[in-house]
2 protein chains.
Amino acid sequence: MPQDPPFPPVEGRSTRQKRAVWAALASVDGFVSAKTLHHRLEERGDDVALATVYRFLQSQLEAGTVDSLLNPDDGEALYRICAAQTHHHHLVCRECGIATEFKVPEIDRLARTVAVNEGFSETVLTFDVFGICPACQSPSNHVD
Amino acid sequence: MPQDPPFPPVEGRSTRQKRAVWAALASVDGFVSAKTLHHRLEERGDDVALATVYRFLQSQLEAGTVDSLLNPDDGEALYRICAAQTHHHHLVCRECGIATEFKVPEIDRLARTVAVNEGFSETVLTFDVFGICPACQSPSNHVD
DNA sequence: TCGTAAATGAGAATCAGTCGCTATACTAGT
DNA sequence: ACTAGTATAGCGACTGATTCTCATTTACGA
Ligand SMILES: [Zn+2]
Ligand SMILES: [Zn+2]
Ligand SMILES: [Zn+2]
Ligand SMILES: [Zn+2]
């Protein structure tokens with residue numbers, strides 16, 4: 001049996017649902033919301049409860065295998081399997097979710113310095129850029 | 001009548017509710033959520049609907065008289081009347097909301113460069129640092 | 001194959017934020 | 001100063017996202 005189902009670094013037990021959600025997430029190249037992911041699963045015929053999608057994303061987030069960020073427009077959480085394993089930031093299209101990653105070591109160092117100077121601990125830095133990607137700028141290619 | 005109620009740079013008509021919300025916001029020195037602000041108003045006996053608080057904050061935000069940011073922990077929006085009028089960033093305590101401001105001119109330039117290189121337009125940059133302030137680190141002073 | 005802990009599904013609950021209709025502040029007469 | 005007209009403001013009800021509860025199902029080691 002060559003049926004080795006695509007196995008990602010999924011936390012806990014391996015279930016049909018987890019595999020399906022991971023596959024769906026992996027098939028997208030940009031950031032997506034839990035709801036969008038759920039829709040895609042429905043389209044494929046993969047029956048997974050929305051709550052399960054949320055739980056899966058949460059656990060993978062804690063495991064560090066997916067990135068997430070908040071859409072500043074509506075506060076909705078978006079998720080993605082990122083290429084880079086080390087700390088990085090995102091340039092995200094607020095229309096279609098497409099994203100590119102970039103690193104700015106100096107910024108992280110600088111932010112940490114500011115925090116230390118003020119005596120803050122457990123600091124977390126948010127640094128992402130939102131905009132409209134080239135494709136979404138030309139109405140013809142618009143994918144929303 | 002010396003009763004000249006404290007008049008802030010409030011947009012539009014002057015109403016009891018707007019004055020109350022502004023006063024409540026001004027009396028806090030850190031970032032607060034709309035809900036927290038609403039609670040404080042209740043405590044003072046100022047009767048203002050939560051929806052009105054949201055709308056007020058929204059309009060002041062557009063007018064540029066208040067700053068806002070998303071708490072990365074729960075996605076809740078936080079508001080504050082900031083000292084600096086020019087573009088700046090924040091070091092915020094995720095416990096009590098206390099914040100200090102800092103400026104990093106290079107970062108905006110850098111972000112814009114990244115965006116332009118990828119052909120993105122209408123870019124918006126989020127750059128803030130969250131952590132635990134010195135006061136909230138010592139359990140005795142904890143104010144949450 | 002069994003036993004057990006973990007995971008799922010369905011729906012209720014929660015929580016931030018928004019909407020549509022009503023009340024009111026302000027303005028242009030009178 | 002008083003009044004009607006009108007755009008703005010206020011507020012209860014609603015929406016949409018995310019989490020919780022718990023009965024049921026399932027993975028998987030013994
Ligand atoms: Zn990433
Ligand atoms: Zn796009
Ligand atoms: Zn500020
Ligand atoms: Zn604090």
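Across the interface of chain B and chain A in this predicted model, 12 residue pairs are in polar contact, with both partners at pLDDT 80 or more. If you go looking for salt bridges between chain B and chain A, the count is zero.

Where on chain B do the residues that touch chain A come from? Strand S4 (89-93), strand S5 (99-102), helix H4 (105-117), strand S6 (121-132) and helix H5 (134-137) of chain B each supply at least two of them. The largest share, 12 residues, belongs to S6(B).

Sorted by class, the side of chain B that touches chain A looks like this:

| Class of residue, chain B side | Residues |
|---|---|
| Nonpolar | 22 residues |
| Polar | nine residues |
| Charged | five residues |

Now for the strands. S6(B) also pairs with a strand across the interface: nine bridges join it to strand S6 (residues 121-132) of chain A, and the two run antiparallel. To find your place in this pairing, start at Thr126(A), whose bridge partner in S6(B) is Asp128(B).

How much area do the two chains bury? The size of an interface is often given as the accessible area lost when the parts come together. Here, chain B and chain A bury about 2800 Å² between them, and 70% of that lies on carbon and sulfur atoms. On the chain B side, Leu91(B), Phe120(B) and Thr126(B) lose the most area to chain A, together accounting for 20% of what that side buries. As for residue numbers, chain B brings 36 residues to the contact and chain A brings 36 residues.

Key:
Residues numbered from 1 in each chain as written. Chains lettered and ligands numbered in written order. Predicted model: local features only at pLDDT ≥ 70, side-chain atom pairs only at ≥ 80, totals over all residues. Heavy atoms only, no water. Contact = heavy atoms within 4.5 Å. Buried area = accessible area lost by both parts, 1.4 Å probe. Salt bridge = Lys/Arg side-chain N within 4 Å of Asp/Glu carboxyl O. Polar contact = N/O pair within 3.5 Å; in protein donor to acceptor, adjacent residues only side chain to side chain. Helix = DSSP H or I, 4+ residues; strand = E, 2+ residues; numbered from the N terminus. Nonpolar A, V, L, I, M, F, W, Y, C, P; charged D, E, K, R; others polar. Pairing = 2+ DSSP bridges.
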